[in-house]
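Biologist: I'm new to this one. Could you walk me through it, question by question?

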Amino acid sequence: IHWDWSEKTCFSYKGHHASDFFNHIYLSYRLHLLKPDAEIFEYVLQDADIRPEETLFIDDAVPNCRTAESLGFHTYTPQPREDWSHLFGIMNHKS
């Protein structure tokens with residue numbers, strides 16, 4: 001439910017938003033499925049036609065990552081306030 005605010009406030013880059021960079025964004029509240037239940041992961045795998053072993057799942061909740069790992073996903077759990085842009089090869093330039 002906080003997605004619209006978060007996208008505009010936290011995920012804005014040079015006037016673009018997260019939806020400008022992704023073909024599809026899966027939001028649990030829109031799917032009426034919840035993590036860490038495996039059903040949401042299985043839905044995304046099927047809908048996006050992706051393989052879990054070729055997919056990186058990032059989440060701040062360990063139980064969600066454990067479920068994803070049990071299905072074969074690669075996972076990453078960032079720590080609070082961690083800059084995890086290194087996962088995407090982005091240089092972090094501070095002025």
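**A walk through the model**

Modeller: Sure, and keep in mind that this is a predicted model. Let's begin at Arg81, which is exposed because its relative accessible area is 83%.

Biologist: Where is Arg81 placed, and what is its phi?
Modeller: Arg81 sits in the segment after β2. Most residues other than glycine have a negative phi. Arg81 is not a glycine, yet its phi is positive, at about 65°.

Biologist: What about Asp49: is it buried or exposed?
Modeller: Asp49 belongs to the loop between α4 and β1. Its phi is near 55°, again a positive value in a residue other than glycine. The cut-off for exposed is over 50% relative accessible area. Asp49 has 69%, so it counts as exposed.

Biologist: Is the peptide bond from Lys35 to Pro36 cis or trans?
Modeller: Pro36 lies in the loop between α3 (28-31) and α4. Most peptide bonds are trans. From Lys35 to Pro36, though, omega is near 10°, and the bond is cis.

Biologist: On to the rings. How do Phe41 and Phe57 pair?
Modeller: There are four aromatic pairs in the count. For Phe41 and Phe57, the centres are 5.0 Å apart and the planes make an angle of 75°. Planes over 60 degrees apart get a particular label, so this pair is edge-to-face.

Biologist: Which parts of the chain does that pair link?
Modeller: Phe41 and Phe57 are 16 residues apart, so to speak of distant parts of the chain is fair by the record of their places. Both Phe41 and Phe57 are buried. The parts linked are helix α4 (residues 38-48) and strand β1 (residues 56-58).

Biologist: And why is the pair of Phe57 and Phe73 edge-to-face?
Modeller: Their ring centres are 6.4 Å apart, and a pair needs centres within 6.5 Å. The planes stand at 65°, and the label asks for over 60, so the pair is edge-to-face. Phe57 lies in strand β1 and Phe73 in the loop between α5 (62-70) and β2 (74-76), so the pair ties together parts 16 residues apart in sequence. Phe57 and Phe73 are both buried, and the angle that settles the label is 65°.

Biologist: Which residues form one aromatic cluster?
Modeller: Phe57 pairs with Phe41. Phe57 also pairs with Phe73. The cluster is therefore made of Phe41, Phe57 and Phe73.

Biologist: Which element gives the most to the largest nonpolar core?
Modeller: That core has eight residues: Leu33, Ile40, Phe41, Leu45, Phe57, Cys65, Ala68 and Phe73. In soluble globular proteins, nonpolar side chains tend to be buried together. The elements giving two or more residues to this core are α4 and α5. With three residues, the one that gives the most is α4.

Biologist: Which residues is Ala68 in contact with?
Modeller: Ala68 is one of the core residues. Setting aside neighbours within four places in sequence, its contacts are Phe41, Phe57, Phe73 and Thr75.

Biologist: Last one: is Gly72 buried, partly exposed or exposed?
Modeller: Gly72 is in the loop between α5 and β2, and it touches Pro52 and Glu53, not counting residues up to four places away in sequence. Buried would need under 20% relative accessible area, and exposed over 50%. Gly72 has 33%, so it counts as partly exposed.

Methods:
Residues are numbered from 1 along each chain as its sequence is written. This is a predicted model: local features need pLDDT of at least 70, side-chain atom pairs count only at pLDDT 80 or more; totals for chains, interfaces and linings use all residues. Side-chain values use heavy atoms; hydrogens and water are left out. Rings of Phe, Tyr and Trp (its six-membered ring) pair if their centres lie within 6.5 Å; planes under 30 degrees apart count as stacked, over 60 as edge-to-face and the rest as tilted. Helices (H or I, at least four residues) and strands (E, at least two) are DSSP runs, numbered from the N terminus. Buried means under 20% relative accessible area, exposed over 50%, partly exposed in between (1.4 Å probe, protein chains only). Contact means heavy atoms within 4.5 Å. A nonpolar core is a set of buried Ala, Val, Leu, Ile, Met, Phe, Trp, Tyr and Cys residues joined through side-chain atoms within 4.5 Å.
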